[in-house]
Structure formats: structure tokens, C-alpha cells
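Student: I would like to go through this model with you, one question at a time. Where shall we begin?
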Amino acid sequence: MTANASARAIKPELLRTYTEDFNKDRANLIAADAAVSAGVLKAATDYRGVRALPRDFSIELKQGSITNQERSGRCWMFASLNTLRYELMHRWNLEDFEFSETYLFFWDAMEKSNTYLENVLRTLDEATDSRLFEAINESPADDGGWWQMFAALVNKYGLVPKSAYPESENSRNSDDFKQYLNSKLREFAAELRRRSAAGASEDELRALKDEYMGTVYRICAVALGEPPEKFDFFARPKDDDEDKKGEACKCKAEADADGKAESCKCGESCKCEGKSDAKARKCDKDKSDKPKTGKDERPQIREIGITPLEFYKKYVPVDVNDFVTLANAPLKNRPFNQRYRIRFSANVAEAGDMEFVNVPLDVFKKAALDQLTAGHPIWFACDCTQFALRKDGFFDQSVVRVDQLFGTEFTGDKAHGLEYGDSPSNHAMTFTGVNLDEDGKPNRWKVENSWGKDAGKDGYYVMSDAWFDRYVTELIIRKEYLDDATRALLTTEPVELDPWQPLTRRCR
């Protein structure tokens, strides 16, 4: 062994020192027993941290049933649809509703395939081992994405309810489908580059690409089934008065001295029977001779042969283009109060690349609080793996005390996590609540996930405000909740970023 090699090696005498130091500390032995038996996360769980994050919130939105992306990378799509279904449910007074995630999944696969082949045509002069081509070729039509990809799909293809295009085995578990789709796309890329080198014209190459897309459509249709061009929609709005029918009406005011009729909670007067101190009264309006049947008398919403774009424009009361991506990335080479665009990041080729505005944490958080306080959920992206308990539903460094378990502090900040790739955005979820302390400051956030009811507490997670500051990197905010300075940035010329730089990773 050379002298240089010896200097680089782990020295046997140091190994003896390490093991002696480890075994003479009782805390190390207890930690090892717990971690080896139960796993790192269970062994590191701090019950005091758990108790410090109760699951009640001063601001909380009523959402529909928990959704489940299962074994697919569609979190960004689920989170996006969860924000829209909330608006649809409350606009049309529905008890529950779910959009078809598979519908957009089909068109996302088609559009990503087309954009990948277009990007191949744009980079015919790039070597296959160049950094740019490697970034383009890494995952031609993978599952991941951002809000703006979702918006591009909705603008072009609309939306459908889940009943019109339900889940399939390959949407629930997408690995095999996407593996072979990506393999075929890379074959097409190689042939396009070979034809180009042999002198084929741009028109000839694009005609060949159109032919290839016929194969892509066949693969997607076989794996997922063809999406509907039109469908029927049926729903029953809630009956707000249903729980009042046939029940006693509690009067708002005490009976007056004359025992006259009082105002009922239902907004109508009822004749009080008995003494003036009676609390509950029977409303005259509920006394009916109409016989009761088992027929559902609620009003109906019925659509026959509606298209996905018609459905979106008629039933979704928000415009997906009225949202802005805010980022909080405290990087020296990503100054705050600047608009950025990520090259080669589109899924729909003609829709353009992904953009965001980088803002300081106080602006970032205020926008989130303003939107939640106004009664609207928020799409957000984060690193869901850091200091997180997936099964129990916690995001908090005070709950997952791996520092105590391993006897070492984890001191990296948000900039470090982004710059070194330690905590990139890898998952999208939805904020549906926040708790404000006595000073009006947030101390915990309610998170709707898309991992089914068995993850977290009935599908919901609780996040500490400190974890929000450290690991939440992107918010989708309605333009009306931006401050004037941030709104003004939307008209500035964006700084372009390369597709391998921080904040370019797709959420899955």
C-alpha cells in the first residue's frame, strides 16, 4: 500500500478507539437496542414532541374524503385536484366529490412523451453524455410534476369526475407502465438522432415523431383505457334543512311575558307550547300531513354528454391560471424578489416552462395564512422524508429525535438542504388548516395527504411551524392573496435556470 493510499484508509487503531468509545457510553447501548429492534424512526420518536402537536386547529377547512395515489408518483396531481374539489364541493353544496386522477395521468403521459421527443429534436447537436441531454433523457415520461403542469393539462383537456374514468391497475401502480413507455421513447430518440445524422430534414423528423406518438397513444390506451370524450354527470347537493325536519326547534329568545311566538333557529317563528321558560319548541312548518317515504327528495345535478372542458368551465369555480408558484429558497445565487423560469421543464410543449417567484419567508408565510384564513386550501411542496413519521402523521424535528438517538446534531439549514440536494422538494400535499397562538402567529399546520386513510390520523398530518420554515419550499397562491410587490414581479423578465439546478426536481 502506498503512503497516499494509507492516509486515505480507515486506520485499524481508529476503529478500536471508535468501538471502545461506543461501548463505554450506556446511552449508545440503549439507543442501539431500540433502533435495531424497532427501527430508527420508532426508536427516535419523542412522546413529548408528539404531545406538543395536538390535532386541533383554530382555522380548519372542511374537505372531502381522503384520496390515495397508491404506488404512483402522482402526488402533485392529487394535491392539485384536492384544492379544486374543495372549491367545487362548496360551490355546489356537495357532501363529497373526487376528480378522476387517471384522466389527467393519461394526458400527462401523452404530453410528456411528445415534449420529450420535441426536446430531443431541439438538442440534436448535444452529445448524449452532455449534462443537458442527460437531464432531458433521465425520465422522459415519469410520474412527477408541479402545479403548472397540472394547470397546463386542465387548460387543454379539462376535468372529469372519478366515476367517468376510474382508477386502473396501472394508474395505481405505475412502475411497469412507465418503465416500458420510457424505454420505447428512448428508442425513438435514438432513431431521431440517427436519422438527423444521416441528413433527414426537420420536416421529415417531425413527421416521424408524429408516427411515434401513435405508438405512445396505443401504449397509454392499453395500460389505462381510452379517456372519455363526453360523459354523464350526476350529483345530489346536500339538503341544509334535512337535519331540522321533524325535530324540535330551539327558540332563539326566551318566551315573553305574554307567551307569544318566538323566533326559531331555523329562521321562522314557532308557537311555544307550555310555559315561557321552555327551551325547545315544535315548529309549525315541520307539521305536515305528507306521508314519509324512502325516496330521496334532494335536488339533482344532471349532465348528459358533457365534455371534460365544459365540465371544468361550468362546475369548477376557480381558474387554474389565477394561481402563482411562490418559492422560499434562501440561496445566494437565487436572490429573493425575482421571477425564475426552468428550462426544459414543460409537460405540454406549447404551454411553456415552469416558473416561480422566490420570496422571503415572511412574505411566503403571510400569503399562506391569508389564503387559508379566507377559506381556501393551499397546494404546497416539501421534502416529506425529513424528520417525518409517515404512519403516525407528524412533520416535526422535535418528534423525530434522531439527534438524540445518534448522539449528533443535524444543523443544516434550508439553503444547505437545497444546495447540497439533502432536502429537495419531492412531495406535494394540501394545507387545510392552521392553528394560531394568542398572538395570532401560526404554531402548527393541518396537512391533507394523498396516501390513504391509514397514513397519519385518518389521512391527515400535523406539521410544526418550525418544520414549515425549514422544509416547505413551494406554495401555490391565488393572485388575490399576493402583496403588491410580489404581484408586480409577475410582469418582470424571468431569470432562466438549467434543469439540473435546485428547485427543478418534480414532486412524486
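Student: Is Arg172 buried, partly exposed or exposed?
Tutor: Keep in mind that this is a predicted model. Buried means under 20% relative accessible area and exposed means over 50%. Arg172 has a relative accessibility of 30%, so Arg172 counts as partly exposed.

Student: Which residue does Arg172 meet in a salt bridge?
Tutor: The contact runs from N to O over 3.5 Å, between side chains. The partner of Arg172 in this salt bridge is Glu70.

Student: How many residues apart are Glu70 and Arg172?
Tutor: Glu70 lies in the loop between strand S1 (59–60) and H6, while Arg172 belongs to helix H10 (residues 169–172). The pair thus links distant parts of the chain. The separation between Glu70 and Arg172 is 102 residues.

Student: Is Glu70 buried, partly exposed or exposed?
Tutor: The relative accessibility of Glu70 is 39%. The middle class lies between the limits of 20% and 50%. Because 39% falls in that class, Glu70 is partly exposed.

Student: Are Glu355 and Arg339 buried or exposed?
Tutor: The side chains of Glu355 and Arg339 meet in a salt bridge at 2.8 Å, N to O. Glu355 sits in strand S10 and Arg339 in strand S9 (residues 338–342), 16 residues apart. As for accessibility, both residues are buried.

Student: Which residues are joined into one network by salt bridges that share partners?
Tutor: By the rule used here, the structure has 38 salt bridges. Some of these share partners and make up one network. Its members are Arg74, Glu98, Glu101, Lys162 and Glu167.

Student: Asp21 and Lys24 also form a salt bridge. What is the relative accessible area of Lys24?
Tutor: The side chains of Asp21 and Lys24 meet at 3.4 Å, N to O. Asp21 is partly exposed, because its relative accessibility is 38%. Lys24 counts as exposed, because its relative accessible area is 67%.

Student: Which residues make the nonpolar surface patch of about 410 Å²?
Tutor: One member is Tyr18, found in helix H2 (residues 12–23). Patch residues need over 30% relative accessible area, and Tyr18 is partly exposed at 47%. The full set is Ile10, Leu14, Leu15 and Tyr18.

Student: How much space lies in the largest cavity?
Tutor: The count of cavities of 30 Å³ or more comes to two. The second largest cavity holds about 60 Å³. The largest cavity holds about 90 Å³.

Student: Which elements give two or more residues to the lining of the largest cavity?
Tutor: The lining includes Trp147 and Gln148, Thr325 and Ala327, and Glu355 and Phe356. It divides into seven nonpolar, two polar and two charged residues. The elements asked for are helix H9 (147–157), strand S8 (323–327) and strand S10 (355–358).

Student: How many residues lining the second largest cavity are charged?
Tutor: Among the lining residues are Thr83, Glu87, Trp379 and Arg478. Helix H6 (75–92), strand S11 (378–382) and strand S17 (472–478) each give two or more residues to this lining. Five of the lining residues are nonpolar and three are polar, while the number of charged ones is two.

Technical notes. Residues are numbered from 1 along each chain as its sequence is written. This is a predicted model: local features need pLDDT of at least 70, side-chain atom pairs count only at pLDDT 80 or more; totals for chains, interfaces and linings use all residues. Side-chain values use heavy atoms; hydrogens and water are left out. Patches are made of residues with over 30% relative accessible area and no salt bridge: like charges are joined within 9 Å, nonpolar side chains (Val, Leu, Ile, Met, Phe, Trp, Tyr) within 5 Å. Accessible areas come from the Shrake-Rupley method with a 1.4 Å probe; for residues, only the protein chains shown count as cover. A salt bridge is a side-chain nitrogen of Lys or Arg within 4 Å of a carboxyl oxygen of Asp or Glu. Helices (H or I, at least four residues) and strands (E, at least two) are DSSP runs, numbered from the N terminus. Buried means under 20% relative accessible area, exposed over 50%, partly exposed in between (1.4 Å probe, protein chains only). On a 1 Å grid over the protein atoms alone, a cavity is a set of points where a 1.4 Å probe fits but cannot get out, and a pocket is an open set with protein on both sides within 12 Å along at least five of seven lines; lining residues have an atom within 4 Å of a point. Grid points are joined across faces, edges and corners, and a volume is the space filled by probe spheres set on the points. Ala, Val, Leu, Ile, Met, Phe, Trp, Tyr, Cys and Pro count as nonpolar, Asp, Glu, Lys and Arg as charged, and the others, Gly among them, as polar.
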